[in-house]
Amino acid sequence: MDKKLGVYLCCGCSIGEAVEVDALVNVAQSESKPAVCRSHSFLCGDEGLSIIRGDVGAGVNTLVIAACSPRAKTDRFTFGPLIPMERVNLREQVAWSHQAKHEDTQALAEDCLRMGIAKAAKMEPLEPVADAISRTILVVGGGVTGIGAALDAANAGFDVVLVEKEAQIGGFMAGMKKTFPARAPFTEASAGGITAKIQAFNSHPRIKVFRSTRIAKTEGQPGMFDVTLEVNRDVTLEGGETTTTHRVGSIVMATGWKPYDASKLTALGYGLPNVVTNVELEKMAAKGIIVRPSDRKPVKRVLFIQCAGSREKEHLAYCSSVCCMSTLKQAEYLREQDHDAEVYIVYRDIVTPGPYESYYQKIQDHPLTFFMKGKVTNVNKGPDNSLLVSFDSELLGGPMQVAVDLVVLATGMVPNSADGPAIRALRDAHAKALRNESATQLDEAQKTIAQLQHHDSTEILNLTYRQGPDLPVLSDGFPDSKFICFPYESMRTGIYAAGALRAPMDSVLAEEDAAGAVMKAIQSIELATQGQAVHPRSGDLSFPSFFLQRCTQCKRCTEECPFGALDEDAKGTPKFNPYRCRRCGICMGSCPERIVSFKNYSVDMIASMVKAIEVPDEFSEKQRILVFACENDAYPALDMAGDVTNNVTDKARRHYDPSVRIIPLRCLGSMNIVWIADALSRGIDGVLLLGCKFGDDYQCHFIRGSELANRRLDNVKETLQRLQLESERIQLVQVGIDEYRRLPQIIDEFAGRIREIGPNPYKGL
Amino acid sequence: MPDTDVINNRQTPILVIGGGIAGLTAAIELAEAGRHVILIEKSAYLGGRVAASNLYFPKLCPPSCGLEINFKRLRTNPRVTVLTLAELEKLTGASGDYEATIKIAPRYVTDACTLCGACQDACPAEIADEFNFGLTRTKAIHTRRPAAFPAAYVVNRFACPTGCNACADACTYDAIKLDQVETHRTYRVFSVVVATGWAPYDAAKLDNLGFGKCANVVTNVVMERLASTEGPTGGKILRPSDGKPPKSVAFVQCAGSRDRKHLPYCSTVCCSASLKQTTYVRKSCPEANVTIFYIDLRTAGHLQEFADKVCADDAIELVKGKVGKIEEDPQTKALRVTVEDTISGKKTTRNFDLVVLAAGIVPRTANLPPSLSLDEFGFVASNASVGIFSAGCVKRPAEVSATVRDATGAALKALQVAVGVTQHG
């Protein structure tokens with residue numbers, strides 16, 4: 001395609017008062033010879049836009065819009081995926097942030113324009129990929145969440161394949177006597193369980209269910225997962241087969257929970273004859289009358305121990321959310337079977353959020369139900385099959401002992417998950433041990449195996465992903481997102497966890513959670529159909545392409561992709577799965593051979609932007625600083641800094657150093673260190689990287705982009721040493737989007753330090 | 001963008017009422033699943049209560065981070081029509097075929113606005129900034145910083161001096177139309193998501209707790225503004241009476257909640273919110289001690305780990321007890337807090353420089369479709385048979401991530417109605 005570049009400069013919103021726009025037009029015309037270069041006093045107005053559209057109609061096919069931030073007037077400056085467009089931010093990051101009519105501000109504006117033109121010159125139009133996308137959703141798990149998800153997907157017009165490992169569907173709910181109050185006035189536990197749901201499920205024409213079945217293999221990517229199901233040996237499918245393969249578009253994982261292993265709670269008496277868990281009590285209640293297991297005698301005095309294994313660092317650090325309500329419900333069972341039974345509940349905090357408070361008040365109102373804030377110290381056998389429970393009562397300020405017939409441990413919820421990356425690491429270690437290359441390697445591999453052995457054969461999805469067969473999980477096993485605003489964010493595109501697998505929750509919330517996960521699963525299918533990315537770059541049509549002839553099989557990209565988009569062949573060559581991709585560019589940043597490019601974002605494009613910066617010679621005393629800013633947080637924060645400055649009277653106080661040249665990156669993780677080497681070898685004095693916070697409470701929208709960028713800086717240090725440059729010339733700062741008032745100071749401090757270090761000796765070489 | 005119509009008649013929208021995090025989420029999720037959406041918001045800007053919050057628990061990350069992504073998703077998605085200053089006036093019809101009439105109050109500023117700020121500089125009329133609970137001043141023509149959606153100013157016409165045209169004269173872009181009038185628009189919609197959110201319980205009704213009478217008794221929602229860099233104190237926690245950093249701060253939990261005389265339910269979020277605000281105090285005033293008076297500390301799920309982390313600080317004391325009375329020392333404006341310690345059973349009195357009332361969540365249910373009924377607490381459950389689904393705090397008290405989860409699910413239910421119509425209707 002012949003490039004016909006149109007460059008448009010806006011003079012409005014004080015751009016015209018801050019810089020000489022005519023001089024900018026000259027820069028564009030003399031240096032880049034665009035087909036068209038125009039300035040306008042109100043480019044986003046109807047007239048301005050119709051001029052641009054007219055030029056596009058006359059053959060201009062690439063646009064540079066030098067006006068406000070790309071975050072402003074987005075809907076106005078929209079010309080479709082076939083017209084590459086680069087926005088040059090002359091308003092928020094030039095006119096509003098720097099001294100008007102100053103030569104440094106002018107130089108900054110000129111460089112911004114040069115950078116934008118340099119990038120646009122290499123950008124290509126985007127055409128969506130188009131493949132046959134499956135509109136079937138796989139639901140893994142047939143408990144309350146899975147059944148809800150299957151019905152929700154089917155009722156939204158999607159076909160469903162549901163896999164349940166047990167012979168029956170219904171999960172825990174099917175074995176319960178009653179469930180928590182589900183509707184106002186929230187004082188009555190509901191009977192009936194999920195029978196009605198199961199009926200609707202069984203008769204739905206869109207739902208196909210496989211019981212006693214496991215997933216042998218999940219290959220492919222969103223829109224085209226090929227799932228191989230394997231039925232237990234004692235069951236056979238039509239025609240005597242034991243495996244079937246299904247193509248599905250997305251997956252809802254609803255494998256639920258298991259009770260915390262009570263054998264770890266011997267300190268609370270588990271193992272003694274009349275100590276049971278809440279799950280065991282529920283089974284007893286569902287069958288009929290609650291009795292003392294040792295002698296089948298009716299129970300008169302029962303004590304519940306709350307947080308049995310929950311809220312304890314050595315057991316489960318989290319609160320299991322449902323145990324208080326479960327105990328209240330079971331206290332009511334006891335009350336129903338014996339009006340005069342004494343029920344003791346030893347608790348730390350009664351957690352009955354929202355309307356459940358009404359249920360708590362109802363149970364609390366009974367005179368023979370005793371709520372005792374305290375901590376159980378021991379449970380011992382007493383006379384006549386009784387149990388003696390000692391606890392520190394906070395209410396009475398000292399130790400107390402109660403003799404009871406039955407002790408119930410309110411044990412918590414543990415997710416039925418598999419840790420994909422850990423399983424992968426275990427497999428790698430086994431392979432390494434087999435290779436037996438050196439004594440140290442063998443030793444190391446064996447240590448890993450010992451550490452990760454408990455992950456052996458825990459696979460659920462059996463994904464054929466290079467990064468492991470299941471979703472990554474948090475340290476406590478929940479495959480939950482760490483995003484408050486985006487709880488369904490998944491590190492495996494098209495696969496969404498729901499219900500008690502994702503976080504401890506009751507059945508009411510689990511059904512709602514299933515609906516949310518189905519929404520995301522549907523969305524993933526709809527967006528894949530259009531070749532578009534899912535959140536956070538929703539709508540993006542660009543894809544990375546890999547120039548494999550130059551690949552050295554270093555595996556960095558396949559290891560670093562947070563979404564497992566890249567598999568490997570036997571040699572280690574990356575195999576790209578476009579529908580798994582989130583378009584963050586982390587692979588592009590990771591590649592030492594620079595073989596990863598998007599049509600509108602590439603190593604070459606950013607390198608060209610760096611090269612477009614005019615670096616004054618060493619005698620001018622003008623330094624130049626390159627800033628790579630994360631497009632999601634740091635870059636908006638820079639805009640906000642400009643906006644704040646534009647709206648105060650003492651603007652000068654908030655102006656920041658005009659020697660900075662800011663380049664937005666899709667994610668700081670897409671930063672390729674070659675750009676830093678390029679910048680330094682061209683005489684740029686310092687490079688500042690602005691990325692999201694990383695660590696446990698990471699804020700990076702691509703999970704670990706900023707952290708990876710930080711790791712890559714170790715390699716940059718080698719470059720610096722080779723060039724004999726000070727390591728302080730490169731700095732990564734973690735900034736939140738709300739730190740916009742601090743950004744001018746961060747920039748000025750960095751610029752000041754670079755000034756102290758002195759000019760880069762490579763200027764002019 | 002090519003918009004492949006998989007099912008006929010996809011253009012009919014779904015109505016989402018409320019532009020807070022719940023409504024915003026429902027609208028965007030529907031649009032990204034290929035549906036058209038009318039999103040109406042009563043105020044001039046989207047973002048609701050989260051936009052007024054300083055940080056989210058438990059990550060202590062800024063709400064503007066997620067709003068930025070969501071606003072970007074909105075800006076680049078042509079399927080959502082956002083109407084601000086808009087309320088549902090009438091809803092007729094039935095599930096799958098509703099006619100919704102929307103009343104839109106004049107903004108007096110068109111989408112030609114560039115947020116350049118010239119109008120605000122020219123405006124002679126100062127008003128109290130409601131966004132900061134009247135603790136700061138703004139102009140009659142104003143916007144919301146740092147990020148406003150829609151990116152346009154708004155005029156409070158009641159504050160304009162008679163005949164004043166200063167803002168319109170200052171606008172280079174002809175974006176200010178002071179003669180705009182109220183308009184009404186009617187849309188055919190498949191289904192409705194109600195996400196009208198919540199309001200804090202009116203702390204003045206808790207007459208024993210001194211709100212409105214004692215200068216240094218504030219609510220948790222005001223605390224969010226005090227902690228914000230755009231708030232009245234630039235992010236410093238200072239005593240309203242004298243602008244000095246407090247040395248002792250008390251949080252009074254269940255201020256209105258779990259109280260049959262006020263809100264019989266638990267507002268769910270206040271425990272975690274107070275723990276979060278404790279970190280504001282400790283960061284802004286490292287000298288200050290914090291006491292949290294509570295009945296039960298309700299930090300379900302992973303919030304427990306947040307509570308453990310915050311409470312590991314020696315300067316924080318948890319006292320199980322119900323605050324019965326708060327009085328002000330007329331000279332020092334210090335607060336005498338009388339507490340019944342449920343553990344010792346004794347009534348004790350302690351002095352604090354600042355008291356924060358953890359006010360509960362009250363659902364906002366004005367102007368809802370008549371086919372919805374309120375439960376005895378005033379919350380609204382979804383009604384699938386009429387194709388109207390509630391989401392977020394209008395349904396039950398919930399923290400942000402639970403609200404987003406719920407709104408995503410409600411979006412699915414609303415979508416099912418649309419699918420039902422297009423496949424069978």
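**Entry 1: Gln553 of chain A**

I began by looking up how open Gln553(A) is, and found it partly exposed, with a relative accessible area of 29%. That value falls between the cut-offs of under 20% for buried and over 50% for exposed, so the label "partly exposed" fits Gln553(A). I kept in mind that this is a predicted model. Next I checked the backbone: phi of Gln553(A) is near 55 degrees, a positive value in a residue other than glycine. On the chain, Gln553(A) sits in the loop between E24 and helix H15 (556-560) of chain A.

**Entry 2: Phe186 of chain A**

I then turned to Phe186(A), where phi is near 60 degrees, again a positive value in a residue other than glycine. Is Phe186(A) buried or exposed? Its relative accessibility is 12%, so Phe186(A) counts as buried. I located Phe186(A) in the loop between strand E7 (178-179) and strand E8 (190-191) of chain A.

**Entry 3: two cis peptide bonds**

I looked for cis peptide bonds and noted one in chain A and one in chain B. In chain A, a cis bond joins His535(A) and Pro536(A), with omega about 0 degrees. Pro536(A) is in the loop between H14 and strand E24 (545-546) of chain A. In chain B, the cis bond joins Phe57(B) to Pro58(B), and omega is about -5 degrees. I found Pro58(B) in the loop between helix H2 (48-51) and H3 of chain B.

**Entry 4: a lysine inside**

Lys329(A) caught my eye in helix H10 (residues 323-337) of chain A. With 2% relative accessibility, Lys329(A) counts as buried. What does Lys329(A) touch, leaving aside its neighbours within four places in sequence? I listed Met176(A), Lys178(A), Thr179(A), Phe180(A), Ala189(A), Glu282(A) and Tyr359(A). One of these contacts is another lysine, Lys178(A). The two lysines, Lys329(A) and Lys178(A), are 151 residues apart along the chain, yet their C-alpha atoms are separated by 7.9 Å.

**Entry 5: H6 meets H14 in chain A**

Now for helix pairs. I followed helix H6 (residues 144-155) and helix H14 (residues 507-529) of chain A, and their axes come within 8 Å and cross at roughly 40 degrees. The two helices H6(A) and H14(A) are therefore oblique to each other. The crossing of H6(A) past H14(A) is right-handed. On the H6(A) side, I noted Val144(A), Thr145(A), Gly148(A), Ala149(A), Asp152(A) and Ala153(A) in the contact. On the H14(A) side are Ser507(A), Ala510(A), Glu511(A), Ala514(A), Ala515(A) and Val518(A). Sorting the residues of this contact of H6(A) with H14(A) by class, I got seven nonpolar, three polar and two charged. A reminder to myself: an α-helix has 3.6 residues a turn, so residues three or four places apart point the same way.

**Entry 6: chain B as a whole**

I stepped back to see all of chain B. Its secondary structure comes to nine helices and 21 strands. How does the radius of gyration of chain B agree with that of a compact globule? For 425 residues such a globule would have a radius near 22 Å, and chain B has 23 Å, which agrees. Along the principal axes, the C-alpha atoms of chain B fill a box of roughly 70 × 55 × 35 Å. I also saw that 60% of the 425 residues of chain B count as buried. Among contacts in chain B with a separation of 6 or more, 67% are between residues 24 or more positions apart.

**Entry 7: H1 meets H3 in chain B**

My second helix pair was helix H1 (residues 21-32) and helix H3 (residues 63-76) of chain B, whose axes come within 10 Å and cross at roughly 40 degrees. H1(B) and H3(B) are therefore oblique to each other, and their crossing is left-handed. From H1(B), I wrote down Ile21(B), Leu24(B), Ile28(B), Glu29(B) and Glu32(B). They meet Leu67(B), Asn70(B), Phe71(B), Arg73(B) and Leu74(B) of H3(B). The class count for the contact of H1(B) with H3(B) is six nonpolar, one polar and three charged residues.

**Entry 8: an enclosed helix**

Last, I looked up helix H6 (residues 220-227) of chain B. Eight of its eight residues are buried, so H6(B) is largely enclosed by the rest of the structure. The buried residues include charged-class names, Glu224(B) and Arg225(B), as well as Val221(B), Val222(B) and Leu226(B). What covers them? I found that the cover includes H2, strand E12 (198-200), strand E13 (217-219), strand E14 (248-255), helix H7 (270-284) and strand E19 (354-359) of chain B.

Conventions:
Residues are numbered from 1 along each chain as its sequence is written. Chains are lettered from A and ligands numbered from 1 in the order in which they are written. This is a predicted model: local features need pLDDT of at least 70, side-chain atom pairs count only at pLDDT 80 or more; totals for chains, interfaces and linings use all residues. Side-chain values use heavy atoms; hydrogens and water are left out. Axes are lines fitted to C-alpha atoms, for helices over the stretch in contact, and angles run from 0 to 180 degrees between N-to-C directions. Helices (H or I, at least four residues) and strands (E, at least two) are DSSP runs, numbered from the N terminus. Angles under 35 degrees count as roughly parallel, over 145 as roughly antiparallel, 65 to 115 as roughly perpendicular and the rest as oblique. A crossing is left-handed if the near helix is turned anticlockwise from the far one by less than a right angle, and right-handed if clockwise. Contact means heavy atoms within 4.5 Å. The radius of gyration is taken over C-alpha atoms; the globule rule is 2.2 Å times the number of residues to the power 0.38. Buried means under 20% relative accessible area, exposed over 50%, partly exposed in between (1.4 Å probe, protein chains only).
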